[in-house]
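Visitor: I would like to learn how to read a chain like this one, going from its strands to its helices and then to the whole. Could you take me through it step by step?

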Amino acid sequence: MRRTSIRIAFWLMVLLGLSGATAQDSPLGESWDYAPAMREVAARFRGRPGVVLHIGDSITYANPYSQWARVGKAKTPEDRVILHWMHLGAENDTDGWWLCRYDHPAGGRSYTAAGGLRVDEALAGGKQGLPPLADLLRQYQPQMVVFMLGTNDASAQRPVEQYEADICRAVQLMLVGGTIPILSTIPPHPHRGRLASQYNESLRRIAQEKQIPLIDYEREILLRRPNDWNGTLLVRDDVHPTAASGAVDAASAPTSTNLSSSGYLLRGWLSVRKIAEVKRRVIDRPPARR
């Protein structure tokens, strides 16, 4: 029996080594349990099931962001189920991955994201003709929103207090309509590092206070590349994630090595896994009747 156990352990180690997978490759979790509060939000939802919007700036309005979802390698059965649930491939107003990458005729944006967008601009609307957040929510009636904005706010050196107030307004717009917000921290900023870090602390605090799910993209980057993210997971001296590095690109298998090489592979994979987690923990488990 002992020899059999040793052989099993050995082959598991070999398989893990071949795949490049490690325990590190599970997305970071929150220190709070968002599920009870989000089940109450989900109970108010009267929109279109499975519609998940991706709202953001040029880091979201980018073809590589959706590549792993669309054509990525090494998807699990759960990945395929959740992507089908999200209407992936429909390429219409139910498919959030299409909405965030499609080159809108207005130029400089998609249907849900725009280059250079700040949070205050997302609330007000008008950037390259992008509608205000409230109008996007009303038009698409999403069940969830992956929301990542702040890089351009940091570049513009907006005070943390203003940024935080705008994020709270955006989150509240989603919550009141029964839409589950999934906040994302922003990547490290090569020129406004301290301010971006302060923004991310605000995002974590808001997510915890409001008991909402969080993709901690900054920490995911720093976990893998604590000292050399600039030029590896982010384009050197630039605010955008990297798409490709050698043989690794945004559609590669999400192994430990690959997730440490392509910033867009990391972000796309994290979004798919987080949406699946939220659906499993919140939507598939409604609140108990009182």
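Guide: Let us begin with a strand, keeping in mind that this is a predicted model. Five of the five residues of β1 are buried, so β1 is largely enclosed by the rest of the structure.

Visitor: Which residues of β1 lie on one side and which on the other?

Guide: The general idea is that in a regular strand the side chains alternate between the two faces of the sheet. Here Val 52, His 54 and Gly 56 are on one side of β1, while Leu 53 and Ile 55 are on the other, and since all of these are buried, both faces of the strand are covered.

Visitor: What does β1 pair with, and in which sense, parallel or antiparallel?

Guide: Strand β1, which spans residues 52-56, pairs with β2 in the parallel sense, and the pairing extends over five bridges. Two of the bridges can be followed residue by residue: Val 52 has Met 144 of β2 as its partner, and Leu 53 has Val 145 of β2.

Visitor: How many residues of β2 are buried?

Guide: In β2, which covers residues 144-148, five of the five residues are buried, so this strand too is largely enclosed by the rest of the structure. Met 144, Val 146 and Met 148 point one way from β2, whereas Val 145 and Phe 147 point the other way, and every one of them is buried.

Visitor: Which strand lies on the other side of the pairing, and how would I trace the whole sheet?

Guide: One traces a sheet by going from each strand to its bridge partners. Strand β2 is joined to β3, residues 180-184, by four bridges, and the two run parallel; within this pair, Val 145 stands opposite Pro 181 of β3. Strand β3 in turn pairs with β4 in the parallel sense over two bridges, and one of the matched positions is Ser 184, whose bridge partner in β4 is Ile 215. The result is an open sheet of four strands in the order β1-β2-β3-β4, with parallel pairing. Its edge strands are β1 and β4 (214-215), each of which pairs on one side only.

Visitor: Where is Tyr 217 found, and what is it in contact with?

Guide: Tyr 217 is found in helix α11, and with a relative accessible area of 0% this residue is buried. Once the neighbours within four places in sequence are left aside, its contacts include Met 148, Ser 184, Thr 185 and Pro 187, and also Gly 263, Tyr 264, Leu 266, Arg 267 and Leu 270. Met 148 is a residue that points out from β2, and Ser 184 is the one bridged to Ile 215, which ties this helix residue to the strands discussed above.

Visitor: Is Glu 220 buried or exposed?

Guide: Glu 220, also placed in helix α11, residues 217-224, is buried, because its relative accessible area is 1% and the cut-off for buried is under 20%. Not counting residues up to four places away in sequence, Glu 220 touches Pro 27, Leu 28, Leu 266 and Leu 270.

Visitor: Leu 266 has now come up for both residues; in which helix does Leu 266 lie?

Guide: Leu 266 lies in helix α13, which runs over residues 263-283, and at 0% relative accessibility it counts as buried. Apart from neighbours within four places in sequence, Leu 266 is in contact with Tyr 217, Glu 220, Ile 221, Arg 224, Leu 233 and Leu 259, so that reading the list from this end recovers the contacts with Tyr 217 and Glu 220.

Visitor: Finally, how should I read the chain as a whole?

Guide: One sets the elements beside the overall figures. The chain has 13 helices and four strands. Its radius of gyration is 19 Å, close to the 19 Å that the globule rule gives for 290 residues, so the chain is as compact as a globular protein of that length. Buried residues make up 51% of the 290 residues, and among contacts with a separation of 6 or more, 73% are between residues 24 or more positions apart. The accessible surface comes to about 13000 Å², of which 53% belongs to carbon and sulfur atoms.

Visitor: How many positive and negative side chains does the chain have?

Guide: There are 36 positive and 29 negative side chains, and the centres of the two sets lie 6 Å apart.

Key. Residues are numbered from 1 along each chain as its sequence is written. This is a predicted model: local features need pLDDT of at least 70, side-chain atom pairs count only at pLDDT 80 or more; totals for chains, interfaces and linings use all residues. Side-chain values use heavy atoms; hydrogens and water are left out. The radius of gyration is taken over C-alpha atoms; the globule rule is 2.2 Å times the number of residues to the power 0.38. Buried means under 20% relative accessible area, exposed over 50%, partly exposed in between (1.4 Å probe, protein chains only). Contact means heavy atoms within 4.5 Å. Accessible areas come from the Shrake-Rupley method with a 1.4 Å probe; for residues, only the protein chains shown count as cover. Lys and Arg count as positive and Asp and Glu as negative; His and the chain ends are not counted. The place of a charge is taken as NZ of Lys, CZ of Arg, CG of Asp or CD of Glu. Two strands pair if DSSP finds at least two bridges between them.
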